Amino acid sequence: MAQWEQVGGSDGTSTFRLTSWSHFFDFLEGEIFSYSGPRKRAYLWRGQRRADWSLSTTLDRQLEAIGISTLSPDKLEEISKRHLENFRYAARGRRGSSPALLSENEWWALGQHFGLATPLLDWTRAPFAALYFAFEDMSSDDEHVPRAVYALDESAVLAKAFEIETGPSIEKGRLPIVEIVDPMSDENQRLVSQGGCFTRAPIGTSIEHWVQRAFEGFNEPVLIRIELPNTERLNCLQALSRMNINHLSLFPDLSGASRSTNLKFEFAHQTVRKNA
């Protein structure tokens, strides 16, 4: 039986389905790192509990929830700017003494860290960290829906952004590009531990839809979805923990300590159930 199969692909996107999470390493070696084509690839990675969830930001989901996601792009950008200004105002006096000056995207990243709805989407440059994030939460939904790890070709995204930036001018509004955001602020230690960064797509546009539009007719994958069966979750997390990929290494704070302790509780009771 094959360890994986390709089950879809068009316009810069491709989907693979693995028969087990344990084949993830072999998949990376066989389909990702062994690539020897003419174009250099460098991937960002993201894990999600459900493969049928869109790569949408918390701000986009909030705009949809309150029923205004169909407004014009210019209006949505205006709303997002006002949202950020409200956060900056609310954050006064709460960043310690002599806080560093932050760029717009760094403000968004700071807000993301503390639960603000933002136009940023979390990614990591470590594929096994993404695998951990795909499996960390228990599933309370349909057990037949697979988990997913996404790989986004950073080089292709940056090249497309340059192409758009140097193309015909756009008179107003943000350019229809996906930005790769690497905040330099010291106020989010998790980013360093997780090899983390963000993408920022146009408001109201998911990453997969942007890729399909920007790379229409493109045969090479820019966005790869790797579907993994929603089984053997704790076995996967235990294997990753032996590689020092766990909450304590990825979340160097009390949140990480708490989540690590909760997972140890799950591990212990899994052993009890097996021996019962």
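Mentor: Let's start with a rule: a charge sits over a ring if NZ of Lys or CZ of Arg is within 6 Å of the ring centre and within 35 degrees of the ring normal. Keep in mind that this is a predicted model.

Trainee: OK, which ring does the charged end of Arg-95 sit over?

Mentor: The distance from the charged end of Arg-95 to the ring centre is 5.0 Å. That fits the rule, because the cut-off is 6 Å. The ring belongs to Trp-107.

Trainee: And how far is the charged end of Lys-160 from the centre of the ring of Phe-215?

Mentor: Here again a charged end sits over a ring, with Lys-160 giving the charge and Phe-215 the ring. The distance to the ring centre is 5.1 Å.

Trainee: Back to Trp-107: is the pair of rings from Phe-87 and Trp-107 stacked or edge-to-face?

Mentor: There are nine aromatic pairs in the count, and this one has its ring centres 5.9 Å apart. Planes over 60 degrees apart count as edge-to-face. The planes of Phe-87 and Trp-107 are at 80°, so the pair is edge-to-face.

Trainee: Which helices does that pair tie together?

Mentor: The two rings are 20 residues apart in sequence. Phe-87 is buried at 17% relative accessible area, and Trp-107 is buried too, at 7%. Phe-87 lies in residues 73–90 and Trp-107 in residues 104–113, so the helices tied together are α3 and α4.

Trainee: While we're in α3, where does the side chain of Arg-82 find its salt bridge partner?

Mentor: The partner is in α3 as well, four residues away, about one turn of the helix. Arg-82 is partly exposed at 43%, and the partner counts as partly exposed at 41%. With N to O at 3.6 Å, the salt bridge is to Glu-78.

Trainee: Which salt bridge partner does Arg-125 have, and how many residues apart are the two?

Mentor: The side chain of Arg-125 meets Asp-182 at 3.0 Å, N to O. Arg-125 sits in the loop between β4 and α5, while Asp-182 is in the loop between β6 and α7. So this pair, which links distant parts of the chain, joins Arg-125 at 36% relative accessibility with Asp-182 at 40%. The partner is Asp-182, and the separation is 57 residues.

Trainee: Met-184 is in that β6 to α7 loop too. Is Met-184 buried or exposed?

Mentor: Its C-alpha atom is separated by 8.8 Å from that of Leu-102, 82 residues apart along the chain. Exposed means over 50% relative accessible area. Met-184 has 69%, so the residue counts as exposed.

Trainee: Now the inside. Which element gives the most residues to the largest nonpolar core?

Mentor: This core has 31 residues, and Phe-24, Trp-45, Leu-131 and Val-149 touch the most other members. Elements that give two or more residues include β2, α1, β3 and β5. With eight residues, the one that gives the most is α5.

Trainee: Which α5 residues does Val-149 touch?

Mentor: Val-149 lies in β5 (147–153), and α5 covers 127–135. Leaving out residues up to four places away in sequence, Val-149 touches Phe-24, Trp-45 and Ile-226, among others. From α5, the residues touched are Ala-130, Leu-131 and Ala-134.

Trainee: How many residues are in the second, separate core?

Mentor: Leu-44, Val-157, Ala-201 and Val-211 are among its members. Of the chain's 276 residues, 47% count as buried. The second core has 20 residues.

Technical notes:
Residues numbered from 1 in each chain as written. Predicted model: local features only at pLDDT ≥ 70, side-chain atom pairs only at ≥ 80, totals over all residues. Heavy atoms only, no water. Core = buried A, V, L, I, M, F, W, Y, C linked by side-chain atoms within 4.5 Å. Buried < 20%, exposed > 50% of the residue type's maximum accessible area, 1.4 Å probe, protein only. Contact = heavy atoms within 4.5 Å. Phe/Tyr/Trp six-rings, centres within 6.5 Å; stacked < 30°, edge-to-face > 60°. Salt bridge = Lys/Arg side-chain N within 4 Å of Asp/Glu carboxyl O.
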